[in-house]
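Here are three short exercises to work through with the model open beside you. Try each task before reading its solution.

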Amino acid sequence: MRVSSFALAALVAAAVTPFPRLDPIQPDLFGAGGTLVNAWADVDGDGDLDLFVGFDGAPNRLYRNDKGVFSNVAAEAGMADARATRAAAWGDVDGDGDPDLLVGFAPGAGPVLRLYRNDGGRFVDVTEAAGLVVEAGAVRQPAWIDLDGDGDLDLFVAFRDRPNAFFRDDGGRFTNVAADLGLADPRRSVGAVWLDYDQDGDLDLYLANMDGDANALYRNDGGHFTDVAGEAGVAWGGRTPKDPASGTVRPCAADVDGDGRFDLFTANYGRNGLFLARAAGRFEDASAAWGIDIDGRYDTCAFGDADNDGRLDLYVNGTITGGKSYPDFLFRNTGTRFDEVTPPNVKALHADHGALWADFDGDGDLDLALAGAGADGMHLLLRSALPEADRRRSLQIRALDAKGRATLAGAEIRVFEPGTRRLIAARLVDAGSGYDAQNDMPVHAGLPRVTAVDVELIVPRNGTRLVTRAARVDPRQWAGTAFVIKAAQ
């Protein structure tokens, strides 16, 4: 069998690339505990990623990134809410080219959703004008997606204690149409991720439920949703069925085995699960075979190619419950299983919730942002120490619509050997990630070597999969920034 030069390079890279250290930066700034959610976006349009961190009652923080050095500007930006914060989602809601922010609060003083419009780095509360006043509810996963393909962002919100909501954007005013769509699930929902799992040209929803409730896989059939989790094999996510002490907190979608299909991972109260996508919209339980079915209490899954070997590695964080702090794990993807490679300084951490990979310093490798729930917790930024030669083997890709706006959550990015259909990487534009968060940032692809690649953007839209291709993209030309690919009309 003939092995392509790119495949051979990938094998060599995997054999020699060390797994990087993760070193904390500015530990005094990021030392406070009592945090649950974090989310990345380039708030000020300067080309690097800024970070929102939601606290459990202390004022929330917005960290402006100035070439890898962070400062808290939440108060001057107008978003330092001192309310227990449970969720955050960035999205260009008004279509003006910069990211706006939806924040979800715990029930208490006032409505539980707040929409901030970004006006040049200053944030203005437009919740009432947008029709998003929700007086009560245990907010969990929000996600901005363009479900109906009309060019503006609609909003999904999961709730732990009431039917889930789907707000359709009608000219800047939002209306909850979840019941009409079949999405008003009354179960105790926490996490959710949107993707075109059956590749039929529209976005479907995998929904994580807690307290013994089964998960849902909502297949989108022309704008109406049907739960097919049972027949697809993902109703319980690897945990014990109908056990009120178990549940799924975070679902993640990622191409784990490199076949171009998006697999599903579940971070559970109970055994974690990995389900590899197969033909006809079904999934195979590979949890034990891939060494990932650890039993505990987990809140977050975060996939990223941390060593730039072309395979997606996995961070799973433990929570604190019943007086016990469950450990975090970092797993290296070998191509057939996950091997634990958790650094000692990460093993020493306690009670994480949010966990996100992002190249915040623009050096080509993925760094890790954590949010710690306990009073002795933290919200650390850990910079990757991958060697320089390995950092260069990567490409950041920014997916925008035809008007140059970030409205393509749930779209797919594929990277190929130039002039061929040999797949190097398949990535999903963020449509629900971390702990009840959504980022607005480029996708990251590790490469077997530093040479040109072909990039493909696939946008599920109204029953079609709109494909845009860019040939021979040279990662050296885009070092320190993101290659932008715009969807065709």
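Strands here are DSSP runs of E with at least two residues, numbered from the N terminus. Keep in mind that the model is predicted.

**Exercise 1. In which strand does Arg86 lie, and is Arg86 buried or exposed?**

Step 1. Begin with the strand: Arg86 belongs to β6, which covers residues 85-91.

Step 2. Next comes the accessibility. A residue is called buried under 20% relative accessible area. Arg86 has 17%, so Arg86 counts as buried.

Step 3. Now look for a polar partner. The side chain of Arg86 makes a polar contact of 2.8 Å with the side chain of Asp56.

Step 4. Finish with the surroundings. Leaving aside residues up to four places away in sequence, Arg86 touches a set of residues including Leu36, Val37, Phe105, Val139, Arg140 and Tyr435. Asp56 is also one of these contacts.

**Exercise 2. Work out the strand order of the open sheet that contains β28, and find which strands stand at the edges.**

Step 1. Start from β28, residues 352-358, where seven of the seven residues are buried. Its antiparallel pairing with β29 (residues 367-372) runs over five bridges. One register point to check is Ala355, whose bridge partner in β29 is Leu370.

Step 2. Move to β1 and β30 (residues 381-384), an antiparallel pair joined by three bridges. Here Pro24 is found opposite Leu382 of β30.

Step 3. Put the pieces together: the four strands are ordered β1-β30-β29-β28, with antiparallel pairing. β1 (22-24) and β28 each have a single partner strand, so they stand at the edges and one side of each has no neighbour in the sheet. From one strand to the next, the twist averages 25°.

**Exercise 3. How many disulfides does the structure hold, and what is the handedness of the Cys252 and Cys301 pair?**

Step 1. Count first: there is one disulfide. Cys252 and Cys301 form this bond, with sulfur atoms 2.2 Å apart.

Step 2. Place both ends. Cys252 sits in strand β18 (residues 247-254) and Cys301 in strand β22 (residues 295-304); they are 49 residues apart, and the pair links distant parts of the chain.

Step 3. Use the torsion about the S-S bond: the value is about 105°, so the disulfide is right-handed.

Step 4. Check the accessibility of each end. Cys252 is buried at 8% relative accessible area, and Cys301 is buried too, at 1%.

Methods: Residues are numbered from 1 along each chain as its sequence is written. This is a predicted model: local features need pLDDT of at least 70, side-chain atom pairs count only at pLDDT 80 or more; totals for chains, interfaces and linings use all residues. Side-chain values use heavy atoms; hydrogens and water are left out. Buried means under 20% relative accessible area, exposed over 50%, partly exposed in between (1.4 Å probe, protein chains only). Two strands pair if DSSP finds at least two bridges between them. Axes are lines fitted to C-alpha atoms, for helices over the stretch in contact, and angles run from 0 to 180 degrees between N-to-C directions. A polar contact is a pair of N or O atoms within 3.5 Å; within protein, one must be able to donate a hydrogen and the other to accept it, and residues adjacent in sequence count only if both atoms are side-chain atoms. Contact means heavy atoms within 4.5 Å. A disulfide is a pair of cysteine sulfur atoms within 2.5 Å.
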